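Trainee: I'm new to this one and don't want a quick tour. Could you pick one spot, look at it closely, and then walk me outward from there?

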Amino acid sequence: MLTERDAQAAIARQVKSLRQGRKWSLDELASRSGVSKGMLVQIEGARTNPSIGTLCRVAESFGVSVGRLIESEPEPVVKIVGADEPAVLWRGPGGGSGRLLRGVNDPAFVEVWEWRMAPGEEHDSGDHAPRTREIIHVREGSLTMVIDGADYRVRTGETIDFFADRPHRYGNPGPVEAVLTMVVVLPTGERDRRV
């Protein structure tokens with residue numbers, strides 16, 4: 001099982017390696033990602049557990065998936081991820097969690113997530129890179145989505161597909177845990193938030 005500490009160490013190695021491979025300073029990465037230099041120092045030093053939003057911004061600036069930031073070994077031809085291996089990258093105040101089941105970078109950037117949201121939990125997500133898409137299937141419970149200011153209700157067995165390059169929020173308005181499978185499809189290429 002990949003512990004939070006293991007995930008922090010892998011993220012630290014990958015961020016530093018990707019940054020140095022591009023010959024970027026910490027200031028350059030901070031400008032491109034919109035993440036403060038102080039936070040980047042903490043990430044590269046494996047001294048913090050960055051939020052999903054922070055990881056998304058850093059990954060997007062490099063043009064890689066969040067999964068790439070957690071992986072420390074080259075991609076095998078076949079990989080089976082054990083049930084207890086995926087790292088928890090989001091914890092809700094009511095006990096919910098968001099786990100990145102798998103992220104790939106070749107031939108496209110795709111991430112598969114499992115989210116569990118306790119009744120009443122919410123998660124705000126800022127905008128992702130232009131043309132990023134999210135597809136969410138509600139396996140149990142229900143989900144309320146606010147996408148670019150519009151409300152959507154997604155019930156058990158339903159799937160919502162939307163462009164996630166605008167602010168959006170997930171919430172569980174129901175009395176039972178909501179269990180979601182999310183697929184995130186990201187555009188290729190580096191992103192510079194200054195542009």
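Mentor: Let's begin with a word we'll need straight away: two residues are in contact when heavy atoms of theirs lie within 4.5 Å. Also keep in mind that what you see is a predicted model.

Our spot is Asp148, which you'll find in the loop between β6 (142-147) and β7 (150-155). Leave out residues up to four places away in sequence, and Asp148 touches Arg166 and Pro167. Now look for Asp127: it is 21 residues from Asp148 along the chain, and their C-alpha atoms are 9.5 Å apart in space. Is Asp148 buried or exposed? The cut-off for exposed is over 50% relative accessible area. Asp148 has 52%, so it counts as exposed.

For contrast, try another loop residue. Ser65 sits in the loop between α4 (52-62) and α5 (66-70). The cut-off for buried is under 20%, and Ser65 is buried because its relative accessibility is 0%. What does Ser65 touch, once neighbours within four places in sequence are set aside? The list is Ala59, Gly103, Val104, Asn105, Phe109, Glu111 and Leu186.

One of those contacts, Leu186, takes us to the empty spaces inside. A search of the whole structure turns up two cavities of 30 Å³ or more. Leu186 belongs to the lining of the second largest, together with Glu60, Gly63, Val64, Ala129, Pro187, Gly189 and Arg191. This cavity has a volume of about 40 Å³, and its lining is made up of four nonpolar, two polar and two charged residues.

The largest cavity comes to about 110 Å³. Fourteen residues would be a lot to click through, so start with the ones closest to its centre: of the 14 that line it, these are Ile52, Cys56, His128, Glu134 and Val184. At least two lining residues come from each of α4, β3 (109-117), β4 (122-125) and β10 (178-186). By class, this lining divides into eight nonpolar, three polar and three charged residues.

Next, go to the N-terminal side of the chain and helix α2 (residues 26-33). Just ahead of it, Ser25 caps the helix's N-terminal end, with a side-chain oxygen 3.3 Å from the backbone nitrogen of Asp27. At the other end, α2 is followed by Gly34, which has a positive phi near 80°. Which residues of α2 are buried? They are Leu26, Leu29, Ala30, Arg32 and Ser33. It helps to know that an α-helix has 3.6 residues a turn, so residues three or four places apart point the same way. The cover over the buried residues of α2 includes α1 (4-21), α3 (37-44) and α4.

Asp27 does something else, too: its side chain meets that of Lys37 in a salt bridge, 3.6 Å from N to O. Lys37 is in helix α3 and Asp27 in helix α2, so the pair ties together parts ten residues apart in sequence. Both partners are partly exposed: Lys37 because its relative accessibility is 38%, and Asp27 because its value is 43%.

That bridge is one of eleven salt bridges in the structure. Another one joins Glu114 to Arg139, with the closest N and O atoms 3.6 Å apart. Here the link runs between strands: Glu114 is in β3 and Arg139 in β5 (residues 133-140), so parts 25 residues apart in sequence are tied together. Glu114 is buried, with a relative accessible area of 11%, whereas Arg139 is partly exposed, at 36%.

A third bridge to look at pairs the side chains of Arg169 and Glu122, 3.9 Å from N to O. Why does this pair tie together parts 47 residues apart in sequence? Because Arg169 lies in strand β9 (residues 168-171) and Glu122 in strand β4. Arg169 counts as partly exposed, with a relative accessibility of 31%.

Some salt bridges also share partners, and through them Arg99, Glu114, Arg116, Arg139 and Glu177 join into one network. To finish, put Asp148 back on screen, exposed in its loop, and then Ser65, buried in its own.

Technical notes: Residues numbered from 1 in each chain as written. Predicted model: local features only at pLDDT ≥ 70, side-chain atom pairs only at ≥ 80, totals over all residues. Heavy atoms only, no water. Buried < 20%, exposed > 50% of the residue type's maximum accessible area, 1.4 Å probe, protein only. Helix = DSSP H or I, 4+ residues; strand = E, 2+ residues; numbered from the N terminus. Polar contact = N/O pair within 3.5 Å; in protein donor to acceptor, adjacent residues only side chain to side chain. 1 Å grid on protein atoms, 1.4 Å probe; cavity = no way out; pocket = protein on both sides within 12 Å on 5 of 7 lines; lining within 4 Å. Points joined across faces, edges and corners; volume = space filled by probe spheres on them. Nonpolar A, V, L, I, M, F, W, Y, C, P; charged D, E, K, R; others polar. Salt bridge = Lys/Arg side-chain N within 4 Å of Asp/Glu carboxyl O.
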